[in-house]
Amino acid sequence: MIAYRVLPLLALCLSGWAATIEAAAQQPPRKFDIDFQNDTFTKDGQPFQFISGSFHYFRALPESWRHILRSMRAAGLNTVMTYIEWSLHEPMPGQYQWEGIANLEEFIEIAQSENLFVILRPGPYICAERDMGGFPHWLLTKYPSIKLRTYDTDYLREVQNWYNQLMPRLVRYLYGNGGPVIMVSIENEYGSFKACDGQYMQFLKNLTVHFVQDKAVLFTNDGPELLKCGSIPGILPTLDFGITNNPNAFWQQLRKYLPKGPLVNAEYYPGWLTHWMEPTARVDAGMVVNTLKLMLNQKANVNFYMFFGGTNFGFTAGANDVGPGKYSADITSYDYDAPLDEAGDPTPKYFAIRKVLVEYFGDPGVPAPVKLPKMTLETVWLERRGSMLSKHGRTMLAQKIVTSVTPVSFEALNQHSGFVLYETQLPAGYNRDPYTLKVENLHDRAYVHIDGTFGGILSRETNTNTIPLSVGLGTRLQLLVESQGRINYNIPNDFKGILGTVTVDAKPLYNWTITSFPLDSYRYLENFLTQQPIEQEDLDGAGAQVYYGTFTISSDTIYDTYLYPSVWGKGLVFINGFNLGRYWPLAGPQITLYVPRHILKKGNNQIVMIEYQQHIQHPYVQFIDKPIFM
């Protein structure tokens, strides 16, 4: 009897299952495509216009991703665009990172859950005001003569290895496979790069198509006058441009390469980047919304670059080949004067843009965000613990020591960041007073010491490569060279360190001892702080002094705050082991550093500051509730 009852039930289940399969088979497949005839994208056969904002997952802590993405949706955006940073995910050859701030898959899933489509820009070159444009430094270590962004066999092999790791993780998120990713870029503003290597671009197209197939739309992006070398036959070309009273002038350039098809401004600039030693970049909100309306009236697809800028934590900020020394380092903040500020709070520009988008597309159904509270803390006093150049500093903070007849680069040491110390003996019996020390091809900044005493600064930024020194200062020359960030635009191979000859009154110096201080792991600083030095000499007259302090947070509720190093010169900050980034109030325009609440904790917190060039008489910092920019 039991068997007879089960069989009809089984037959009914199989029948229902078959009906479900048949119904699914009758549904048209998901597809994001281009309707060239009608100058539009289509999503599942229906016209679609994306309104997007750039938000780079690697510029905010994962705990804040959802809040920022929800704020973007609340503004009326339907898409988020992000670069993918190769150097973050493969910091050393074959060593891959996919967790924490590198958890790209989680970022995509959160965006989808917040009802946002996703546009991915895997580069492999991304620019983005990041160190070396997102390329990993070890490409220059492994292949010193590599020609990045060209049909160079070493470069192509490494790109293919990287894509073989990256792309299989992304395939399931493509729109045609049921995910939110509607578009994927090939390269980035390649028309701006002098190589103009069509064979390379064809290679990258074939590689990307292999993984993406027809499951998302592929595109390139370039400035309006630069499409000749940046576009690829068979791939959608798009433009990058900022505020203007006449977008048609730019669209006319695009139509030379795309007679029919959707208009796309892939990087519409509501703000701009800022370097140290220059005014903070600002773009008027009224002009931003005026240009936006003009583009929306033309049914253009628009991505705001940036909608949320965030922070260049640690050593991730890049540089550009501008200024007196053809080098200007990017500030730690990537606020960008974006609609959402560095802390993710809405600005007046945000609400002006939201008003326009609601008028054109209706209410997104997500409440507009409010500014989150910020906190102040009691003044924090630090104590000096000694210089990196001391014996204890070298023992605890140095990664390697080598000798060489001539100076070698960071990359020859396989070093991404931090400092390299170059030491040699000055000529004996020298009586020219003062003599002239010259460092050729310095990348980027040298803190000059004689016998452990700080004597001055040489700087690539200000084109300062000579300094007078007295014969009475000592016999041991020590050049502590800082990498301030590799150039991210136009110049692909920006090696760091002393790349030329060091001379005293035009006579070269040889036989160097070279010490590597990458500072890429907090454990070195922990060892420096916790283990007692054998010798008492801590070189109080040297630069690169390490300061340590603690502060207590008694509240259960912790808010973002801003570190205010008002009495400090130039250096680096760690809070609870997290590398917050570079400070440089002497130069500005950034004075404070953004401190996300997620790195703070109730109870005891630790702060370490490495001051490069000043002896701080009263070493204190403040935590305040608003940022300061000059």
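**Entry 1: a pair of isoleucines.** I looked up I575 and found that it stands opposite I607 in strand β33. The model I am reading is a predicted one. I then asked how many bridges join strand β30 to strand β33. I counted five, between residues 571-575 of β30 and residues 603-611 of β33, and noted that the two strands run antiparallel.

**Entry 2: the sheet around that pair.** I followed the neighbours outward and recorded an open sheet of five strands, in the order β15-β28-β33-β30-β31, with antiparallel pairing. Which strands stand at the edges? I noted β15 (383-387) and β31 (578-583); each has a single partner strand, so one side of each is left without a neighbour in the sheet. I recorded an average twist of 25 degrees from one strand to the next.

**Entry 3: a helix on the sheet.** I next looked up what packs on this sheet and found helix α13, residues 522-530. I noted that α13 touches β15, β28 (545-553), β30 and β33. The direction of α13 makes about 95 degrees with that of β33.

**Entry 4: an annotated stretch.** I consulted UniProt, where an unreviewed entry lists residues 407-516 as "domain: Beta-galactosidase 1-like first all-beta". In the model I found 0% helix and 45% strand over residues 407-516. I also noted that the end C-alpha atoms of this stretch are 12 Å apart.

**Entry 5: helices α10 and α11.** I turned to helix α10 (residues 285-297) and helix α11 (residues 348-361), whose axes are 9 Å apart and which pack at an angle of about 20 degrees. Angles under 35 degrees count as roughly parallel, and α10 and α11 are therefore roughly parallel to each other. I recorded their crossing as right-handed. On the α10 side I listed A285, V288, V289, L292, K293, L296 and N297. These meet K349, A352, I353, V356, L357, Y360 and F361 in α11. By class, I noted eleven nonpolar, one polar and two charged residues in the contact of α10 with α11.

**Entry 6: helices α2 and α4.** I then examined helix α2 (residues 65-74) and helix α4 (residues 104-113), which pack at an angle of about 40 degrees with their axes 9 Å apart. I entered α2 and α4 as oblique to each other. The crossing in which α2 passes α4 is right-handed. From α2, I listed W65, R66 and L69, which meet E106, F107, I110, A111 and S113 in α4. I recorded the residues of this contact of α2 with α4 as five nonpolar, one polar and two charged.

Definitions and conventions. Residues numbered from 1 in each chain as written. Predicted model: local features only at pLDDT ≥ 70, side-chain atom pairs only at ≥ 80, totals over all residues. Heavy atoms only, no water. Pairing = 2+ DSSP bridges. Helix = DSSP H or I, 4+ residues; strand = E, 2+ residues; numbered from the N terminus. Axes fitted to C-alpha atoms, helices over the stretch in contact; angles between N-to-C directions. Contact = heavy atoms within 4.5 Å. UniProt positions renumbered as here; feature names shortened; annotations may be inferred. Parallel < 35°, antiparallel > 145°, perpendicular 65-115°, else oblique. Left-handed = near helix turned anticlockwise from the far one by under 90°. Nonpolar A, V, L, I, M, F, W, Y, C, P; charged D, E, K, R; others polar.
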